[in-house]
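Colleague: I have the file open. Can we walk through the sheet and the core?

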Amino acid sequence: MAKSRRPYLIRAIYEWAADNGYTPHLVAAADADGVVVPREFVQDGRITLNVSMNAVQGLDLHSDPIYFSARFSGRAFDIWVPSGAVLAIFAKESGEGIVFGEVEAADPDGEPPPQGPSPEPGKPAGRSHLRVVK
């Protein structure tokens, strides 16, 4: 069975929008398996995310799930969106892009999506060992 076209189309629309100076936005099904987004910004089961390079850090469109960090009301949040949960990607300014419409089932031969963010490599998990010296 052929791989899904969705990750390739997401990358293509993203690059087209960025090359034309547009602001790429991504709409995701917030309730799909493997999606990690701030729930307070979900409306009708969907969340629209500004994925421009000025709005996010560490955006990786070449892996599945799509991963990046962004700020929501001043609070940093790690976002995880499997490409199958992307419902649309479009340029904010023109509205041009692509609508997938519904959640795509995960590739049965692929790796299962992670269950949430994991600590960054080289970054210790847990409590800091630093203390205030007076």
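**Sheet and core**

Modeller: This is a predicted model. E4 and E5 run antiparallel, and seven bridges join them.

Colleague: Which residue is the bridge partner of Ala-70 in E5?

Modeller: Ala-70 belongs to the pairing of E4 with E5, which is antiparallel. Its bridge partner in E5 is Phe-77.

Colleague: Which residue in the hairpin of E4 and E5 takes a positive phi?

Modeller: Two residues lie between these strands. One residue in this hairpin has a positive phi near 50°: Ser-73.

Colleague: How many bridges join E3 to E4?

Modeller: E3 and E4 also run antiparallel. Gln-57 has Ser-69 in E4 as its bridge partner. The number of bridges joining E3 to E4 is three.

Colleague: Which strands stand at the edges, and why is one side of each left without a neighbour in the sheet?

Modeller: The open sheet has three strands, in the order E3-E4-E5. Each edge strand has a single partner strand, so one side of it has no neighbour in the sheet. The edge strands are E3 and E5.

Colleague: What does the twist average from one strand to the next?

Modeller: The sheet is open, with antiparallel pairing. From one strand to the next, its twist averages 20°.

Colleague: How many residues has the largest nonpolar core?

Modeller: Those with the most contacts inside it are Leu-49, Ile-66, Phe-68, Ile-79 and Val-81. Helix H1 (6-19) supplies at least two of its residues, as does each of the strands E1 to E6. The core's residue count is 32.

Colleague: Which residue of H1 is in contact with Ile-66?

Modeller: Leaving aside neighbours within four places in sequence, Ile-66 is in contact with residues including Leu-26, Leu-59, Ile-79 and Val-86. H1 spans 6-19. The contact of Ile-66 in that range is Ile-10.

Conventions: Residues are numbered from 1 along each chain as its sequence is written. This is a predicted model: local features need pLDDT of at least 70, side-chain atom pairs count only at pLDDT 80 or more; totals for chains, interfaces and linings use all residues. Side-chain values use heavy atoms; hydrogens and water are left out. A nonpolar core is a set of buried Ala, Val, Leu, Ile, Met, Phe, Trp, Tyr and Cys residues joined through side-chain atoms within 4.5 Å. Buried means under 20% relative accessible area, exposed over 50%, partly exposed in between (1.4 Å probe, protein chains only). Helices (H or I, at least four residues) and strands (E, at least two) are DSSP runs, numbered from the N terminus. Contact means heavy atoms within 4.5 Å. Two strands pair if DSSP finds at least two bridges between them. Axes are lines fitted to C-alpha atoms, for helices over the stretch in contact, and angles run from 0 to 180 degrees between N-to-C directions.
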